[in-house]
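Let's take a walk through one protein model and stop at a few residues along the way. Have the sequence and the 3D view open as you read.

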Amino acid sequence: MRKQLLLLLVVTTVIFTACKKSTEVLDTIPVSEYFPLQVGKYITYNLDSTVFINFGTKDTVMNYQVKHVVDAEITDNLGRPAYRIIRYIRSSPANAWVPDNTFMAVGTEFTMEFIENNMRFIKLKAPVRNGYTWKGNSYIDLGTDYRYLEDWDYTYDSVNVSATIGSFTLDSTLKVDQRDEVIGIPTDPNSYSEINRSNEKYAKGIGMVYRDFLHVEYQPPTPGRGAYRIGYGVRLTMIDHN
């Protein structure tokens with residue numbers, strides 16, 4: 001009799017736990033609310049692009065405007081419904097928009113994937129709640145050029161809070177912390193160091209409204225060559241949307 005009661009208790013606990021986990025997933029905010037996709041939708045950003053010039057001895061910030069436009073419904077290489085997004089760029093509002101890149105977004109029941117330069121990022125993933133973590137770069141073939149993207153933990157922070165982005169006051173946003181890493185001692189001019197920083201903010205009903213990304217590798221001086229840096233930085237701040 002005791003064994004039967006114990007078995008009943010275990011089964012009941014398992015069923016309750018499974019139902020609770022299922023309910024937690026179903027009750028959270030759909031990822032599509034923070035990354036809506038519809039043909040004709042666009043977001044315009046100020047772009048601050050950090051580059052290293054003079055053989056890596058100097059950094060400079062270039063300023064542009066870019067516009068992400070959802071261009072068409074397509075399918076990805078797995079046959080899933082997807083959207084093609086065209087990026088337009090101009091150096092100032094006085095210049096004409098020029099297309100310069102194409103992206104793809106794939107929304108599934110529990111994820112939002114974004115394909116850029118043949119790299120598939122899992123930008124958002126259910127459940128959308130503070131502290132939830134996932135491997136956002138797990139689909140990327142890192143090779144040697146993108147080793148710095150390995151094993152990034154994407155984590156939700158400040159879900160469903162108001163925020164000011166540029167001139168916009170947004171009622172419901174979330175932040176995705178992706179990386180905040182320092183390797184070595186950047187203040188030591190005689191040793192290798194590396195900085196990787198990345199986070200993004202999304203607004204409900206709009207999409208990505210802010211991005212701050214920086215990857216810098218410092219190479220110390222060697223006989224016959226001075227110190228230099230390689231890498232790049234991207235800061236996007238929304239200035240318009242529909």
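Let's start with a word you'll need right away: contact means heavy atoms within 4.5 Å. Before using it, keep in mind that this is a predicted model, where local features need pLDDT of at least 70, side-chain atom pairs count only at pLDDT 80 or more, and totals for chains, interfaces and linings use all residues. Residues are numbered from 1 along each chain as its sequence is written, and side-chain values use heavy atoms, with hydrogens and water left out.

**Arginine 120**

Find arginine 120 in strand S6, which covers residues 119-125. Strands here are DSSP runs of E with at least two residues, and helices are runs of H or I with at least four, numbered from the N terminus. Once you skip neighbours within four places in sequence, arginine 120 is in contact with ten residues' worth of company, including Asp76, Arg80, Phe114 and Tyr139. Is arginine 120 buried or exposed? It's buried, at a relative accessible area of 15%. (Buried means under 20% relative accessible area, exposed over 50%, and partly exposed in between, using a 1.4 Å probe and protein chains only.)

The side chain of arginine 120 also makes polar contacts with the side chains of glutamate 113, at 2.6 Å, and asparagine 77, at 3.5 Å. A polar contact is a pair of N or O atoms within 3.5 Å; within protein, one must be able to donate a hydrogen and the other to accept it, and residues adjacent in sequence count only if both atoms are side-chain atoms.

**Backbone oddities**

Now for some backbone angles. Phenylalanine 55 and asparagine 160 each have a positive phi without being glycine.

| Residue | Phi | Place | Relative accessible area |
|---|---|---|---|
| Phenylalanine 55 | near 60 degrees | loop between strand S1 (42-53) and strand S2 (58-75) | 76%, exposed |
| Asparagine 160 | about 60 degrees | strand S8 (residues 153-165) | 42%, partly exposed |

Proline 127 is worth a stop too: the peptide bond that leads to it from alanine 126 is cis, with omega near 5 degrees. You'll find proline 127 in the loop between S6 and strand S7 (133-135).

**Strands side by side**

Two strands pair if DSSP finds at least two bridges between them. S7 and S8 run antiparallel and are joined by three bridges; in one of the pairs, threonine 133 has threonine 155 in S8 as its partner. S8 is also joined to strand S9 (residues 168-183), by seven bridges, and these strands run antiparallel. Here valine 161 has threonine 173 in S9 as its bridge partner. In the hairpin of S8 and S9, two residues sit between the strands, and glycine 166 takes a positive phi near 60 degrees.
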